[in-house]
Amino acid sequence: MTTETDTTETGTTETGAGTRVPDAVAGRRPLRAGPVSAVWRPRGAAVVLVGAAVLVLVGAVSIGRGDYPIAVGDVLRVLFGGGSRSETFVVTELRLPRVLTGALVGAALGIAGAITQGVARNPLTSPDVLGVTDGAGVAALLVLVLAGTGGSAVGLLAALGLPLAALVGGLLAAALVVVLAYRQGLDAFRFILVGLGISVALVSVTSWLLVIANVQQAGLALVWLRGSLNARGWEHVLPVAVVLVLVVPVTIALTFRLDALDLGDDTARGLGVRVDRTRISLLGLAVVLAASATAAAGPIRFVALVVPQVSLRLAGGSRPPLIASAIAGAVLVVAGDLLARTVLGGEVPVGVVTVVLGAPYLLFLLVRRTRKDSA
Amino acid sequence: MSAHTEDAVEHEATTDAGTRLRAEGVRVGYGDTVVVGGTEGLDLDVVEGTVTAVIGPNGCGKSTLLRTLARLLTPRHGHVLLDGRRLDAVPSREVATVLGVLPQDPTAPEGITVADLVARGRHPHQRWFRQWSAEDEEAVAEALEWTGMAGFAERTLDTLSGGQRQRVWISMALAQGTDVLLLDEPTTFLDLAHQVDVLELVARLNRERGRTVVMVLHDLNLAARYAERLVALHRGEIAVEGTPHEVLTEDTVRDVFGLEARVVPDPVAGTPMVVPIGRYVT
């Protein structure tokens, strides 16, 4: 190594203004336009483009399936502004909202997972750990089971309607986790432990509510608790879309700071980043995304856990990518819903499919991590 | 050197000519215990263009002092001044364009490449929409070249040896383009050859680039050789400070480190060299 030092001397001769420097850094090709600049990552871009194409295709197949089948080509023609009137009606009014809700919910969960795992620097974290999903579940069940019978708090929740109640429940649970986990800063490990504790407590509340519910309420509650895209209309699409439009730009701007946070708290502070403020803001954004997704479609578990890691493997890099995770999440939920409706038949909730796919993956992650830690 | 920082901290009424970093009556502690500063508070001046080494026995507060100078810890009393301005009064990001810090045990994300890691040193100069400007590219390319790591740019960090990794971290600090550099035990976990290698790099940074360096070092002989100013810390207070010849005397080594030793001139550099006297092997 000492000999290598000598060979570099040529690169360092300082001649005032005309310092000789190598003009490029290997592996970091620039992409520049005016004041905007970024590193060109061909693999990431390819994953996003291919993913988007797959999403459109799977979405079209899903829209085509039903009592009145439409060929994929015709669905695409309608989506891009053609097609007959009856086809247009079936596609845009009846079936597109379901697929769009699925895609947006999946995208929101994918981003929420990518943020949470990026902040915690831990592939086993997801918004589920933040208590969002179970908090939303308890709130939704309170509305379904206790509406009319409960006290004023439940009445207030019920007045919000199921989706908003779920949103509020998710946000409250996450806030509780943050408050309990905060102690002179936010330690990722303590955060996960507190989150798990709160989730378990909330799950037992959910079980209790299911026990005291009558059969019809319990049936409704169980469907909601599995996460379903049945009977979703434009009124379900709009709220998630608005949240995504508002939150994603802020998220993109803030995740830039994870570049510094990835290197540990001290290095990040040395690079001028306010560590705790950044972490809290990012987790807040993840919670809002996950809670709105859960409000729209119920708890679709494992998407936020699995998708960021899969996207990371596909796109490469050192942290789950945001946009690729959004698209992969959308593909997973839309494809899961298609699978549930066609292969499994009937109206199987999409959440069942993601759990069936996600649980083995979680086991795989746990086993791999334990091996690595003991190695 | 100053080209990197001309848009950064304005040089307001600097307290002393040439003082870049100054601790005034600083007392730092965790919980109820005061680790640095004792009862009086600690004063320290870091002069422009010098290499200062902070030495002292384990637990004397070396790292705490360095972390305080780097604003990673907030002193309970007193304050740290950078170019005459209180560190807590300047936005952290702005400080990061003048003052760089390499912590003792920095963590690298799994699978990150050398070039990507070094580029993260540019963070204070970047915005979310400006993540790879021509200046960034130039600074990173130069830092890689300068530390001899350009050939490793596309390798992932986990494929490198400990000494190479330390060079990468120093490249990152270099790419940050700061005049003042604080290094917390940059030679730990390295064998002697790589310790010398890293310290040679620090010396070059100082001589060729005029960087002001403060580092925590364990090895007294290397500290004496590579730093022109030594600060010996004992129980959180400065026991002695000055040139290596002033600080590294047999009395100081006994008082500060509790070690009986002979101090002789280093046969290579002429700087003081501490040779311990054992009880059984003399």
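The two largest pockets of a predicted model are described here.

Residues are numbered from 1 along each chain as its sequence is written, and chains are lettered from A in the order in which they are written. In this predicted model, totals for linings use all residues, whereas local features need pLDDT of at least 70, and hydrogens and water are left out of side-chain values.

The largest pocket (an open set of points on a 1 Å grid over the protein atoms alone where a 1.4 Å probe fits, with protein on both sides within 12 Å along at least five of seven lines) has a volume of about 1500 Å³, taken as the space filled by probe spheres set on the points. Its lining (residues with an atom within 4 Å of a point) comprises 42 residues, and A:Val39, A:Arg41, A:Arg319, A:Pro321 and B:Gln131 lie nearest the centre. Helix H2 (42-64) of chain A is among the elements that supply at least two residues, as is helix H3 (114-119) of chain B; helices (H or I, at least four residues) are DSSP runs numbered from the N terminus. The largest share, five residues, comes from H2(A). By class, 23 lining residues are nonpolar (Ala, Val, Leu, Ile, Met, Phe, Trp, Tyr, Cys and Pro), 10 are polar and nine are charged (Asp, Glu, Lys and Arg), the polar class holding the others, Gly among them.

The second largest pocket contains about 790 Å³ of space. Of its 24 lining residues, A:Arg121, A:Pro123, A:Ser318, B:Pro109 and B:Glu110 lie nearest the centre. Helices H4 (85-120), H14 (303-315) and H16 (350-374) of chain A each give two or more residues to this lining, with H16(A) giving the most, five residues. The lining of the second largest pocket divides into seven nonpolar, eight polar and nine charged residues.

Technical notes. Predicted model: local features only at pLDDT ≥ 70, side-chain atom pairs only at ≥ 80, totals over all residues.
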